[in-house]
Structures are given as C-alpha cells and as structure tokens.
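Open the model in your viewer and keep the selection panel at hand. The tour begins at the ligand and ends at a sheet.

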Amino acid sequence: MTTKQFPQTIKAIQYVDVGGPEVIKMNEIPFPTPQPNEMVIRVLWGGVNFIDTYFRRGIYPLKSLPWTAGSEASGILESLPTDPAVLNDPEFKARNYKVGQLVATGVGPAFAEYVSKPWIKVLSVPDGVDPKIAAAVPVQGLTVLTIIEESYKAKKGDYCLVHAAAGGLGLTFCQLLSARGVHVIGSVSTREKVELAKANGAEFVINYKEEDLIKRVNEITNGEGVHGIYDGVGKSTWAGNFEMIRRKGTIVSIVNASGVIPPISVLELKNKNIHLVRPDNNNYLVTPEEVNQYNTQLWDAVTSGTLKTHIYKEYPFTPQGVAEAQEEQSSGKTTGKLVIKIASS
Ligand SMILES: NC(=O)c1ccc[n+]([C@@H]2O[C@H](COP(=O)([O-])OP(=O)(O)OC[C@H]3O[C@@H](n4cnc5c(N)ncnc54)[C@H](OP(=O)(O)O)[C@@H]3O)[C@@H](O)[C@H]2O)c1
C-alpha cells in the first residue's frame, strides 16, 4: 500500500492581528498535524459567517495569533483518526467514514488548503450533495435545527418572528419553521429582501424601514404578540422584542449582528413571564449522539429540498476575497449565504 504524500506547507487565510480587514493575510503554514482523534480534510469550499468578523474584530477572543479564518468548510476526507479507542467506538463506526468521501464541518479554522478536525465535528455528507452547498449549511442549518428544537420548539399554528429574515440564518429559519406549519413573520430592511423571505416560506414580511414593526406584529397577532422570537440582529432589535412577545412567549437571542445587547435585569421578564434563551449552537452539539441526530436532520432537509440554499456570492480564496465577503456581510446588504472557493476538486 502506498502512503499518500501531503505537502509540507499549505496556504491559509489568517488574521495576523485583531482589527479591520487589513489584518487578513495569506500565509504559508505547516501542514496540520492531526491529534489521534482527528481527521484531515482537503478543503474545497468555505462558508462565511457573521462570527468570523466577531473573531477578527476581537468581540470574541482568539486563542492565539496569527489565526486561520473561517468556521465552516466542506472537502475531501484524507485520513482517519489513529486512536484505537476512537476506531472501536460504536458511534464512530456508525458514521462509516471513507477516505475520499465528501465531508463538512461547522467548526473553525476553515479557510486553509487542509484542516484537521476532531472526528466528532466532521459531518458525513450524503452522495449527490454539491460541495458548495455542503460548505454553506453546517453552521446556519445546525444552528436553526437545534434552536427550533431546543431553545424554542415552535409548534404548528404558532406565530414566530424572525429578524433579518433574508439573511443566511433568516432564510433557514423561514424554510424550516414554515415546513412545521408555523406562521412566520419576517423583519427585513429592503423590498428585495421582503420578496426573498416570502419566497422562502415567511407568511408575513415587514420592511422595518417602511413600516412600524411593533404595530404590524401586534396587528397580525390580534394584539397578543408572537409565541417565539428568533433574534439574530441584537442591539437594535432588543428593546422591541419585549413589546412583540406574547405572555409566556420565548425570546431566543442569537445575537450580535447590529452590536452586543446591553445587560438586562431579570425583572424585565416578569411582566409577561417571558422565557429568554441565549444559545450557542456548539453547546447543543457536544455528544456524538447529538451530532448524529442533527446531522441526520440537516442532510435530510437538504436532500429532500426542505432546505434550499440561496447563495449570494462566491468569493476567491484570497485576502481580498475574504475581506470583501466579511465587509459585505457586515454592511447588512447581503442575502442568504456567502461562500469562498478554496479548491476546484
Ligand atoms: N448563536 C449561534 O450559535 C449563532 C450561529 C450562527 C449565527 N449566529 C448569529 O446569527 C446572526 C445572523 O447570522 P448570518 O450569518 O445569517 O448573517 P446575515 O443574516 O446574513 O446578516 C445579518 C443581517 O442582520 C441584519 N442587520 C440589522 N442590523 C444590522 C447591522 N447594524 N449590521 C449588520 N447587519 C444588520 C441585516 O438584515 P436586514 O437588512 O434585513 O435587517 C443583515 O443582512 C448573526 O448575529 C450571527 O452571529 C449565531
């Protein structure tokens, strides 16, 4: 048997400091050294997420510098773990990984020619899924699937408000909630976004630049307010949520796009006995069973067509490409998903 030869160094897009887009550079780094529980992936596509910019700007701390950018990728599985305990683990065996197959991951670092990941975080992608789509769905798909199951489990007939309904996360909420029979109310900032959110399952879409969002939500729900609010915007939407949630409703703070929300007093929850949840998708995806459960749901949604990905734009694997993607997403003008093309095949 011949052992595959890997390059000694690889190209990676890195943050050389905390700051603006100027800290994004292309560096030559050593080929990753996998831990015994890790698998090496040759990356094809990267998915762009808002959290990338939080790390670059220092809103979320980086473990060290320089730091390889990105938190989501698809690619070809190049090696299996070497730890016998992993190889004999029934959960590992059940995944039936094959070197050469398409895999995806929703954890960074990601924007490099090769990455090494703990097996538990490597998703097996079913045959027939486009590698570009495989890179576009792990973070937003798993975030929405876990949140609508565990943070607020919206039921058929519920009214739920989704902020930034035409964004990557927003369109995923619209599709997966409407598939459950939920009345989705979307809030967006442009007429184009109104149409896109409607085409993806939102029953009502409010352009908050042209209409009074709180008044319209209360009209739609006969003054009762919504059962659940999924808020991926943060600071600018925060106060209004308390005027649109119904008694015993749940506000899910997915947070931050418009800035960090101010600290709140728990007393604010008592007027309507509100539930408030601030999830991090990774904390719902800790055990192999949890990852397998949501992994199955994710690819079922993709292959059945329940979840369709709207790609806003493809960007090149260059510092300029990554900077442009991050700046465009941060400007609020994008819709759906932004992806980085890292390799052709
Ligand atoms: N908790 C988790 O585990 C988790 C996981 C994934 C994502 N997230 C969060 O979910 C949110 C959405 O993520 P995404 O990747 O799908 O982004 P996105 O929705 O594609 O982009 C954010 C959207 O937020 C809206 N927005 C309102 N005010 C804004 C402002 N001041 N600056 C920028 N955008 C503003 C814009 O839509 P309108 O113009 O229509 O208002 C914009 O398009 C982000 O806050 C992200 O961090 C959290």
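Select Pro279 and the ligand. A backbone N or O atom of Pro279 sits 3.0 Å from a ligand nitrogen atom, a polar contact (a pair of N or O atoms within 3.5 Å). This is a predicted model: local features need pLDDT of at least 70, side-chain atom pairs count only at pLDDT 80 or more, and totals for chains, interfaces and linings use all residues. Residues are numbered from 1 along each chain as its sequence is written, and side-chain values use heavy atoms, with hydrogens and water left out.

Next, Leu169. One of its polar backbone atoms is 2.7 Å from a ligand oxygen atom. Then Gln329: here a polar side-chain atom lies 3.1 Å from an oxygen atom of the ligand. Alone, the ligand exposes 910 Å², and the protein buries 88% of that (Shrake-Rupley method, 1.4 Å probe).

Now show the whole shell (residues with a heavy atom within 4 Å of the ligand). It holds 27 residues; the closest are Leu169, Ser189, Lys193, Tyr208 and Val255. Colour by domain, using bounds from an automatic or database assignment. Domain 1 (9-136 + 309-341) and domain 2 (141-282) both contribute to the shell, so the ligand lies between them.

Finally, select strands S2, S1 and S4 (DSSP E runs of at least two residues, numbered from the N terminus). In that order they form an open antiparallel sheet, where pairing needs at least two DSSP bridges. S2 (24-30) and S4 (67-68) are the edges, each with a single partner strand, so one side of each has no neighbour in the sheet. S1 (residues 9-15) pairs with S2 over seven bridges. Stop at Ala12: opposite it in S2 is Asn27.

Note on methods
Polar contact = N/O pair within 3.5 Å; in protein donor to acceptor, adjacent residues only side chain to side chain. Helix = DSSP H or I, 4+ residues; strand = E, 2+ residues; numbered from the N terminus.
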